[in-house]
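Okay, thanks everyone, let's get going. I'll put the structure up, and then we can walk through it together.

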Amino acid sequence: MKLLDKLGGGVEKVFAAISGVSLLAMFLVLFVQVLLRYFFRIGIIWTDEFSRYLMLWIIMLGASVMTFDDSHIRISLLEDVAPVLKKGFKVIRYLIICVFSAILIYYSMDMVKMNFSSLSSNMRIPMAYVYLCFPISAVSMLFFALLQLIKTVSTLFHRGEAEDKEAEE
């Protein structure tokens with residue numbers, strides 16, 4: 001389990017770093033584009049497209065990082081009303097993420113395969129490279145969700161064992 005935690009932590013750090021560098025690159029490219037248009041009345045044709053594609057990657061990698069950190073947005077009304085059921089809701093939440101990730105992997109792989117021959121309009125790169133963010137992030141979200149699920153379920157059983165030992169004493 002500790003090996004999986006280390007692996008997950010490493011992947012999460014890499015994804016967070018890639019997202020941060022991508023955000024900086026997007027900011028710089030758009031900043032240069034605005035300066036060129038405002039001061040020189042010229043522009044770089046591919047900046048908007050580049051920024052859109054980077055945004056997709058940032059969002060999808062960020063979703064993976066949030067799955068690892070257990071920081072996705074959630075409605076906690078039921079957890080607040082019944083704190084005893086908090087871990088049960090967490091198990092259900094991660095099961096839903098696992099199902100969603102599996103579906104996303106299946107369909108996004110088809111999308112990637114179909115788009116190797118189609119090129120982006122301005123940058124002229126295969127659209128498959130743009131869409132590759134979906135299966136990559138879905139695989140990592142599935143891995144991170146399974147990791148969180150294992151942790152949550154194991155704490156349910158370990159907590160029960162600790163309470164049994166305390167009751168025996």
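Before I read out the order of elements, a word on what I'm counting: helices and strands here are DSSP runs, with at least four residues for a helix and at least two for a strand, numbered from the N terminus. And keep in mind that what you're looking at is a predicted model.

So, going from the N terminus, the protein chain reads α-α-α-α-α-α. That's six helices and zero strands.

Now the overall shape. How does the radius of gyration of the protein chain sit against that of a compact globule of 169 residues? The globule would come out near 15 Å, and the protein chain has 21 Å. If you line up a box with the principal axes, the C-alpha atoms fill roughly 80 × 35 × 30 Å. Of the 169 residues, 31% are buried. The exposed area of the protein chain is about 11,200 Å², with 72% of that supplied by carbon and sulfur atoms.

On contacts: take those in the protein chain with a separation of 6 or more, and 72% of them are between residues 24 or more positions apart. As for charge, there are 16 positive and 15 negative side chains, and the centres of those two sets lie 11 Å apart.

Okay, helix by helix, starting with α1. This one covers residues 2-40, so with 39 residues at 1.5 Å a residue it should span 57 Å, and the end C-alpha atoms are 56 Å apart, which agrees. Its buried residues are G8, G9, E12, F15, S19, S22, M26, V29, Q33 and L36.

Let me stop at Q33, which has its place in α1. Is Q33 buried or exposed? It counts as buried, because its relative accessibility is 3%. Leaving out neighbours within four places in sequence, Q33 is in contact with G43, I44 and T47.

Right after α1 you come to R41, which takes a positive phi of about 60°. Hold on to that one, we'll meet a couple of others.

Moving to α2, residues 47-69, have a look at S51. S51 has a relative accessibility of 7%, so it counts as buried. And which residues does S51 touch, not counting those up to four places away in sequence? M26 and L30. M26, you'll remember, was among the buried residues of α1.

Next, D70, in the loop between α2 and α3, with α3 being 77-81. D70 is not a glycine, yet its phi is positive, about 55°. Why would I bother pointing that out? Because most residues other than glycine have a negative phi. D70 is also buried: the cut-off is under 20%, and D70 has a relative accessible area of 18%, so it makes it in.

On to α4, residues 86-114. It has 29 residues and reaches 42 Å from first C-alpha to last, close to the 42 Å expected at 1.5 Å a residue. The buried set in α4 is V91, R93, Y94, I97, C98, S101, L104, S108 and V112.

From that set I'd pick V112, in helix α4. With a relative accessibility of 4%, V112 counts as buried. What does V112 touch, beyond residues up to four places away in sequence? That would be A128, Y131, L132 and P135. With L132 in particular, the two are 20 residues apart along the chain, and their C-alpha atoms are separated by 6.1 Å.

In the loop between α4 and α5, which is 127-131, there's R124. R124 is another residue with a positive phi, about 60°, although it is not a glycine.

Last stop, α6, residues 133-168, where we find L142. L142 counts as partly exposed, because its relative accessibility is 22%. Not counting residues up to four places away in sequence, L142 touches C98, S101 and I105. C98 and S101 were both on the buried list for α4. Then there's T67: L142 and T67 are 75 residues apart in sequence, and their C-alpha atoms are 8.8 Å apart in space.

That's my tour. Happy to rotate the model if anyone wants another look.

Notes
Residues are numbered from 1 along each chain as its sequence is written. This is a predicted model: local features need pLDDT of at least 70, side-chain atom pairs count only at pLDDT 80 or more; totals for chains, interfaces and linings use all residues. Side-chain values use heavy atoms; hydrogens and water are left out. The radius of gyration is taken over C-alpha atoms; the globule rule is 2.2 Å times the number of residues to the power 0.38. Buried means under 20% relative accessible area, exposed over 50%, partly exposed in between (1.4 Å probe, protein chains only). Contact means heavy atoms within 4.5 Å. Accessible areas come from the Shrake-Rupley method with a 1.4 Å probe; for residues, only the protein chains shown count as cover. Lys and Arg count as positive and Asp and Glu as negative; His and the chain ends are not counted. The place of a charge is taken as NZ of Lys, CZ of Arg, CG of Asp or CD of Glu. The expected span of a helix is 1.5 Å times one less than its number of residues.
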